[in-house]
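Here are a couple of exercises to try with the structure open in front of you. Have a go at each one before reading its solution.

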Amino acid sequence: PEAAEAQMKVGDIYYQQMEKPDRDYTNAQRAEQEYRAMINMFPDSALAPRAKQKLRDVQEVLAERETEVGLYYGSRENFPAAIARLETVVDTYPLYSRSDQALLGIGDAYAGSAHAIQISPNIPGAVKERLRAVYLDRAAQAYAKVITRYPMAPHVEDARDRLVAMNRPVP
């Protein structure tokens, strides 16, 4: 029992030193590691539920950080970087409270990529159309996931509007 408590205290130390999502995230990463270790080594401990909740809180901070970075890349029209960051959020943190916003950002980045391909003068016509179609399909998939996975989320109407504008079916 003392070992579980000690492991929990190590995680708590890093948790208390965590910064906001836009600051240094080293302590958040360490807290995540320590809480995971505690849960894995002592799954039957009375402290396990508390460790799981703390882990969830830490992951929320880490997901928020990645989302902010991804949305920043999207605002700077660095669409591949935005897609990579936001897909990492969606895949790594499925319980993130703003996953709908991350998925909407993914869709917008793919739509932006499709537009960038369309206006690019150096790509042959047939290749341009195939790439554009692939990117638009991926954008539509991301928007559809917002609607189907998070029907009560704040960005559902935005996703629905984007699908309508693309002449795609709304799930």
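**Exercise 1.** Which residues line the largest pocket?

*Solution.* A quick note before we start: this is a predicted model, where local features need pLDDT of at least 70 and side-chain atom pairs count only at pLDDT 80 or more, while totals for chains, interfaces and linings use all residues. Residues are numbered from 1 along each chain as its sequence is written, and side-chain values use heavy atoms, with hydrogens and water left out.

Step 1: list the lining. Glu 87, Val 90, Asp 91, Leu 103, Ile 106, Tyr 110, Arg 138, Gln 141, Ala 142, Lys 145 and Arg 149 do the job. (On a 1 Å grid over the protein atoms alone, a pocket is an open set of points where a 1.4 Å probe fits, with protein on both sides within 12 Å along at least five of seven lines; lining residues have an atom within 4 Å of a point.)

Step 2: find the main contributor. Helix 6 gives the most, with five residues. (Helices are DSSP runs of H or I, at least four residues, numbered from the N terminus.)

**Exercise 2.** At what angle do helix 4 and helix 5 pack?

*Solution.* Step 1: compare the axes, which are lines fitted to C-alpha atoms over the stretch in contact, with angles from 0 to 180 degrees between N-to-C directions. Helix 4 (residues 79-92) and helix 5 (residues 99-119) pack at about 155 degrees, their axes 9 Å apart.

Step 2: name the arrangement. That angle makes helix 4 roughly antiparallel to helix 5, a label for angles over 145 degrees.

Step 3: look at who touches whom, counting heavy atoms within 4.5 Å as contact. Helix 4 brings residues including Phe 79 and Leu 86, and helix 5 residues including Gly 105 and Ala 109.

Key. Helices (H or I, at least four residues) and strands (E, at least two) are DSSP runs, numbered from the N terminus. Angles under 35 degrees count as roughly parallel, over 145 as roughly antiparallel, 65 to 115 as roughly perpendicular and the rest as oblique.
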